[in-house]
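Here's a quick tour of one predicted model. Have the sequence and the 3D view open while you read.

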Amino acid sequence: FNNVKVRQAMNIAIDMSDFTKLKKSEALPQRFWPQSEANPTAFVPDSELPSEVAQLWEYDPDLAKEMLAEAGYPNGFKTTITVKNTTLFQDEAAILKEQWAKIGVDAEIEVMQASPFAQVRYSGAQVGGTVEYPGVILEGLDAANPIAVLISEGKTGAWFNTTGYSNPKFDRLATELEGEDDLD
């Protein structure tokens with residue numbers, strides 16, 4: 001996966017419609033993150049994407065196989081998909097396994113409890129500024145849950161706090177929110 005052509009081929013080998021069906025979100029756009037149509041200052045419509053970028057969103061297993069061959073994997077390769085023990089992640093991993101098999105990638109699904117998963121996720125050895133994993137880690141964020149978003153993106157050092165935002169008052173309130181059992 002340190003080869004950009006391999007990563008691109010893997011993406012082109014994914015039929016996103018299977019994921020939208022799984023999540024019952026067929027009416028929603030496939031490209032919604034990290035920019036969405038709701039933010040016209042950052043979102044680039046499909047029709048305006050450069051062809052080499054637009055191609056990454058088009059399901060084409062034949063092209064993906066060609067790209068893998070060009071990258072030195074004419075017969076595909078073996079990998080692992082590591083997921084948390086939730087039904088959704090396991091279902092998504094099964095879809096990936098099936099789709100990638102069509103291009104010669106043999107993926108083994110490794111299901112882990114949340115705590116050991118987090119250890120693997122966070123301990124991917126920092127070597128020379130890169131993170132290394134033994135395959136693929138399937139991760140996601142429940143973006144429909146505002147509490148999950150606030151905590152995972154807003155707290156200091158949080159999982160998805162990629163901006164490095166830090167505010168002790170917010171952290172204190174978010175910690176209280178995490179421990180609250182009463183949804184109202």
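## Thr79 and its surroundings

Let's start with Thr79, which sits in strand 1. In this predicted model, Thr79 has a relative accessible area of 9%, so it falls under the 20% cut-off and counts as buried.

What does Thr79 touch, leaving aside residues up to four places away in sequence? Its contacts are Phe1, Val105, Asp106, Ala107, Glu108, Gly135 and Val136.

## The sheet around it

Strand 1 belongs to an open sheet of three strands, ordered 2-1-5 and paired in parallel. Strand 2 (105-112) and strand 5 (136-137) take the edges; each has a single partner strand, so one side of each has no neighbour in the sheet.

Strand 1 covers residues 77-84, and two bridges link it to strand 5 in a parallel run. Here you'll find Ile81 standing opposite Val136 of strand 5. Packed on the sheet is helix 5 (residues 87-101), which touches strand 1, strand 2 and strand 5. The direction of helix 5 makes about 170° with that of strand 2.

## A nonpolar patch on the surface

Now for the outside: Ile147, Leu150 and Leu177 make up a nonpolar surface patch. Together they offer about 210 Å² of accessible area.

Of these, Leu150 is part of helix 7, which spans residues 146-154. Why does Leu150 count as partly exposed? Its relative accessibility is 41%, and partly exposed means between the 20% limit for buried and the 50% limit for exposed.

How values were computed: Residues are numbered from 1 along each chain as its sequence is written. This is a predicted model: local features need pLDDT of at least 70, side-chain atom pairs count only at pLDDT 80 or more; totals for chains, interfaces and linings use all residues. Side-chain values use heavy atoms; hydrogens and water are left out. Patches are made of residues with over 30% relative accessible area and no salt bridge: like charges are joined within 9 Å, nonpolar side chains (Val, Leu, Ile, Met, Phe, Trp, Tyr) within 5 Å. Accessible areas come from the Shrake-Rupley method with a 1.4 Å probe; for residues, only the protein chains shown count as cover. A salt bridge is a side-chain nitrogen of Lys or Arg within 4 Å of a carboxyl oxygen of Asp or Glu. Helices (H or I, at least four residues) and strands (E, at least two) are DSSP runs, numbered from the N terminus. Buried means under 20% relative accessible area, exposed over 50%, partly exposed in between (1.4 Å probe, protein chains only). Two strands pair if DSSP finds at least two bridges between them. Contact means heavy atoms within 4.5 Å. Axes are lines fitted to C-alpha atoms, for helices over the stretch in contact, and angles run from 0 to 180 degrees between N-to-C directions.
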